[in-house]
Amino acid sequence: MTVLPGHRFSNPRRIVMNRMRQLTAWLRRRDPVLAATRRAARTAVVMPLLFALCTQVFHAPVAATFAAFGAFSMLLLVEFTGPLAQRMRAHVALAVAWVVLVSLGTLAARSVWTAAVATVLVGFVVLFSGVVSSVLAGAATSLLLAFILPVATPTPLGQLPEQLMGVVLAAGASMLAVWLLWPRPQGDPLSAPAAQVCRTAAAQLRAEADYFAGRSRATAFRKCRSCAAETESSAHELRQAFTATPYRPTGLSTESRALVRLVDELTWLSTILAEAAPAVEDGPVGASESSEVRRAAAEVLDLSAQLLDDPNDSPERLLAGAAELRKALTALEDEAVSRMPTQGAGDASEPDLDTFIDSLDLSFRAQGVAFVVLQIAQNVSAARAAHQRSWWDRLLGRVTGAPDGPLTSAAERAAAHVAPHSVWLHNSIRGAIGLGIGVVLADVTGVQHAFWVMLGTLSVLRSNALNTGQNVFRALGGTLVGSVLGAAVLQLIGHNTTLLWILLPLAVMFAGVVPAAVSFAAGQAAFTLTLVVLFNIAQPAGLSVILFRIEDIALGCAVSLVVGLFFWPRGASAAVSKALAEAYADSARYLLAAVDYAVSCCALGPAAIQVPQEGRQAAAAARRLDDAFRTYLAERGAKAVPLCEMTTLVAGVVGLRLAGDAVLELWRRSTDRASLDDRAAAQKELIIMAERILRWYQSLADGLENEGPVPEPLDSDPRNNSRLVEAVRRDLHDADGQATGTGVRIVWTSNHLEAARRLEVPIAAAASDAVTRINVFGSA
């Protein structure tokens, strides 16, 4: 029989290659940027080498333990972002923190009560400090392990130098691995889709500029509609990239947080662009200044997209483009003032006035778009400038160019979360108390491996009691499976140390990949198998280590379940509802304060008025909401509220706050000086409108927090609107009969309030369904 060359022997290789491609494709679906795989591969190389160095060369078993777990936590549980130099500095800081925490843990382990109190204090400080710093937040689990390892395994103080030797070896090897082994790529998954939204929105704004300038109306109208569809589609893709996984799809750095805010702002920009797009081909034509504002905003968006694509590019061109946009806004306001009807023309001026007020709608939409674009430019430039921060500013989470000092900035961030409904505060208290109970329980029950009780408590404690209960069974099931696999391995190879050394890096690699690629239970099984191999290399114990491991993790799971029942019974859905309630109430108060600021500017001028403090409160509430929403995304199990509805509610807070910001920005540019009496009627109507909106959002907050009825959206109040128009009719001119910009700003302020009122419709629909689902979920 004739065998074709390569026919019989190419098939096995082709099969292997196909299997490898299938495995790679599966892994990329579960671990899209291979972040978990990269960390696992580094750890699989470094951890066994350090363990072998300490046990076989130095014959220092204590150092081997700390070197192995130090490398495990510094490589597998931590991945710092930013340029290589900044990552190296962060790893140095992590190593110093490990030295301090290991020393404190060894000292605190003298008695069970000092160990328990110290664990609660250190646990709370480590967990809560993450709210101040992205570096600390990313390293929280690693830092906790640095303290838990010595405090749960009391040793004589004489062994402290050997422990610290293991830590130093782990830190040095980890830094070399981060530098040389599979370096982390620069970039993030949000920059590209965010840049695409900027480009499509810029194209839509240019098309609208041509349309409102009267150029080729039919062609421009068709282009406006197609560009609006592309903008909406790209914004949807950006939102999908943000919520594609239950975990935040960016790092915890200041740059990544700025990009997260950028997602909200670009989503809001697409919303107002959809509302501002021309509905009919022969619609009204705007002033040339309105078109120029749109073109300037489009240029800023294009420059923002370029900066998002190239993080090393200088933000100077973007800042210059933003300055040009502000000049175009000033020209728009001046043009609106110049078109005011003259005073004293009698009844003939009234139709002109009505027409003028109607025409301000197009100018208002251009002004509103420009404001959001300026916010986007500010966030993009801040994100890229974050690369140039000093290590100290990065550690404390201080944004480059912030007016406050590092310690002031850190204190402000921490103070924002010292609130009853702060998810971060809840998580910090729950985790600290859970670990403290674990210390006491391990001592009282006489468990020989107290460290694993603590580790079980830390790993199983999740977002709520329900999911903690689920994770208890998953953790126990995974531990049991891992124990069975370990027993089978030991039964097959016995005490063959060579085979155990060969299996160790494979087990570490498996333990690093499967939690992200498969499940939490699979991760527990892989970790248990790794420990079985590790401890049987160091000190052969056979099946006894497996039995201890099952007992220890069961106790740790029980602690997590009890603490979860006391401190987190309803979970992230209820927490998001409370955070939403606070954010809506604070943002609505901020909007009213911004209108008060506008009213005061009418009388005293902006230079004499303090910026309302309600803005800081609204910003703090927004930070707490962001953390609650992150926890909601990360929470395992079924979601009580669909993601699309929760996103609508979170975006509503963004829109309400931006309305307040826009009113402040509008009146900060005011240079008019006028008597309070000259503007009294218009001021009164603005306050009435703002207070009406505030009452509605306060009712919404009550419904969300108490899971009660959601109020029906407010209808437009024609009597209030007519009174405002009549008041503006009297207030368009100063005492000398000269036109001023105050009347224009009054009308635009009322338009911002009207936009906040129209926002109630989608918010009410989403909130009503969310409250219903939470009630059903809670009673199930």
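**Figure 1. Overview of the predicted model.** Of the 780 residues of the protein, 55% count as buried, where buried denotes a relative accessible area under 20%, exposed one over 50%, and partly exposed a value in between (1.4 Å probe, protein chains only). This is a predicted model, in which local features need pLDDT of at least 70 and side-chain atom pairs count only at pLDDT 80 or more, while totals for chains, interfaces and linings use all residues. Residues are numbered from 1 along each chain as its sequence is written, and side-chain values use heavy atoms, with hydrogens and water left out. The protein has 29 helices and 0 strands; these elements are DSSP runs numbered from the N terminus, helices being H or I with at least four residues and strands E with at least two. Among contacts with a separation of 6 or more, 83% are made by residues 24 or more positions apart, a contact being heavy atoms within 4.5 Å. The protein exposes about 32,800 Å², of which carbon and sulfur atoms supply 62%; accessible areas come from the Shrake-Rupley method with a 1.4 Å probe, and for residues only the protein chains shown count as cover.

**Figure 2. Close-up of His-91 in helix α4.** His-91 is located in helix α4, which spans residues 84-108. With a relative accessibility of 4%, His-91 is classed as buried. Apart from neighbours within four places in sequence, the contacts of His-91 are Met-74, Phe-80, Met-175 and Val-178.

**Figure 3. Close-up of the salt bridge between Glu-79 and Arg-38.** The N to O distance between the two side chains is 2.6 Å. Glu-79 occupies the loop between α3 (61-76) and α4, whereas Arg-38 belongs to helix α2 (residues 35-57); the pair links distant parts of the chain, 41 residues apart. A salt bridge requires a side-chain nitrogen of Lys or Arg within 4 Å of a carboxyl oxygen of Asp or Glu, and the structure contains 14 salt bridges by this rule. Arg-38 is buried because its relative accessible area is 3%, while Glu-79, at 24%, is partly exposed. Arg-38, Arg-39 and Glu-79 are joined into one network by salt bridges that share partners.

**Figure 4. Close-up of salt bridges between helices α9 and α12.** Arg-199 and Asp-309 form a salt bridge with an N to O distance of 2.2 Å. Arg-199 lies in helix α9 (residues 191-212) and Asp-309 in helix α12 (residues 288-309), so that this pair links distant parts of the chain, 110 residues apart. Both partners are partly exposed, Arg-199 with a relative accessible area of 33% and Asp-309 with a relative accessibility of 43%. Arg-206 forms a salt bridge with Glu-299, their closest N and O atoms being 3.4 Å apart. Because Arg-206 is in helix α9 and Glu-299 in helix α12, this pair ties together parts that are 93 residues apart in sequence. Arg-206 counts as partly exposed at 32% relative accessibility, as does Glu-299 with a relative accessible area of 36%.

**Figure 5. Close-up of the cysteines Cys-224 and Cys-54.** A search of the whole structure finds 0 disulfides, a disulfide being a pair of cysteine sulfur atoms within 2.5 Å. Cys-224 is in no disulfide; the nearest cysteine sulfur belongs to Cys-227, 7.0 Å away. At 1% relative accessibility, Cys-224 is buried. Cys-54, with a relative accessible area of 0%, is also buried.
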